[in-house]
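Biologist: Can you walk me through this model and tell me what stands behind each label?

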Amino acid sequence: MTTETLKGLLKDAHENGYAYPAINVSNLDTGIAAMAGLSQAKSAGFIQISVGAAKQASPVNDPVEGSIVLGRTLRDLRKSQHVPIAIHTDHCHADMVDVWLVPLLKELKVLKDAGEEKIFDSFMFDGSHDEIHDNVATICRLLPLVKAVDGVLEVEAGGKWGGMEDGVADKAVFSTPEDVEEIQRTFEDAGLTADDYLLAVAFGNAHGTAVVPDLHPELLSEIAQKTGERNLYVFHGGSGSPDDDVRAAVANGVVKMNVDTDTQYAYTAGVDQFLTDANGLQRSHREGKKFFDPRHWNAAGRKSMTAKVVEVAELLGSAGHAESVDYRSVLDPVVAR
């Protein structure tokens, strides 16, 4: 997955009016479930790691180590898929930039120079809690590091999302065209166009489902008209959003929608149903092995989460777009030979 390949996928979604699912995962089982869902839907998509997931993947709670451990697993898993899958680091708030994202990017450059196959394709900096001048200053600092590892950067304009994301809670505030213009100028000064990065703006979004979103997808087109740029928009906090609002957001320029809460819920619901059907036998050491064996209830969780990913791809319109191409031969030179 080169930068140009990823940009080509995003351009196709932009020009043809659909968006890619971006599914957060936290371990091997959720990663398998997410990729299986994309493959079943014949949809490209993103598999994402948050700082919380990265810490959990490290025995010493180190987000850099955990990112590489989980990232390598996902990179190797996607080789068996027939659809293009980008591996992405999700929400890095400003206070985690020098703890997580910068040292991760530097370590990835070391691994790249040592000849290791690329692990991550894109990276997300969440500057929405910063003043705009601090937001763009961090973007400027990150851009050369991201470029050095052949990555694409996703950023957030001013404004905040409602709900909770990795322990950071806010009430929703809408992004302004002025803040978006400032970010656009920052990328232009770096020699990049609106097709070279991903931009999340706040249009009433809410992370999780504790806060009911007050979505105004038309704001995306209004910002594009006022700034003169139709950016590659990202819809954060897609879980729990009404289907009509999701479709309207895609129609107004969204090419990527983040989903975490809905797929977490689906996974656990599958496990819960499996254990409910066990009717207490999972607590019997003598009779319940086929119920308490983690391989069985994990499989139930994976199946339920996979079905949810397919549902998301169908809602976003990306399902079926990868149907006619064996992308392994495009993305993997070994397979191509």
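Modeller: Sure, below we go label by label, setting values against definitions.

Modeller: This is a predicted model, where local features need pLDDT of at least 70, side-chain atom pairs count only at pLDDT 80 or more, and totals for chains, interfaces and linings use all residues. Residues are numbered from 1 along each chain as its sequence is written, and side-chain values use heavy atoms, with hydrogens and water left out.

Biologist: What makes Cys92 buried?

Modeller: Buried means under 20% relative accessible area, exposed over 50%, partly exposed in between (1.4 Å probe, protein chains only). Cys92 has 1% relative accessibility, so it counts as buried.

Biologist: And why is Cys140 called partly exposed?

Modeller: Its relative accessible area is 45%, so Cys140 falls in the in-between class.

Biologist: How many disulfides turn up in the whole structure?

Modeller: Zero. The test asks for a pair of cysteine sulfur atoms within 2.5 Å.

Biologist: Why does Lys308 count as buried or exposed?

Modeller: Buried, because Lys308 comes out at 19% and the cut-off is under 20%. Lys308 lies in helix H12 (residues 294-316); helices (H or I, at least four residues) and strands (E, at least two) are DSSP runs, numbered from the N terminus. Neighbours within four places in sequence aside, Lys308 is in contact (heavy atoms within 4.5 Å) with Asp262, Thr263 and Ala266.

Biologist: Which strands does H12 lie across?

Modeller: Strand E1 (20-24) and strand E11 (254-259), with H12 running at about 150° to E1. Axes are lines fitted to C-alpha atoms, for helices over the stretch in contact, and angles run from 0 to 180 degrees between N-to-C directions.

Biologist: What makes the strands a barrel?

Modeller: Eight strands close up in the order E1-E2-E3-E4-E5-E8-E10-E11, with parallel pairing. Two strands pair if DSSP finds at least two bridges between them. Strand E3 (residues 85-93) and strand E4 (residues 122-126) have four bridges, so they pair. In that pairing, His88 stands opposite Ser122 in E4.

Modeller: H7 packs on the sheet too, touching E5 and E8, and its direction makes about 160° with that of E5.

Biologist: How do you know that the span of H7 is close to what is expected?

Modeller: The expected span is 1.5 Å times one less than the number of residues. H7 (residues 177-189) has 13 residues and reaches 18 Å from its first C-alpha to its last, close to the expected 18 Å. Its buried residues include Val180, Ile183 and Phe187. Just after H7, Gly191 takes a positive phi of about 85°.
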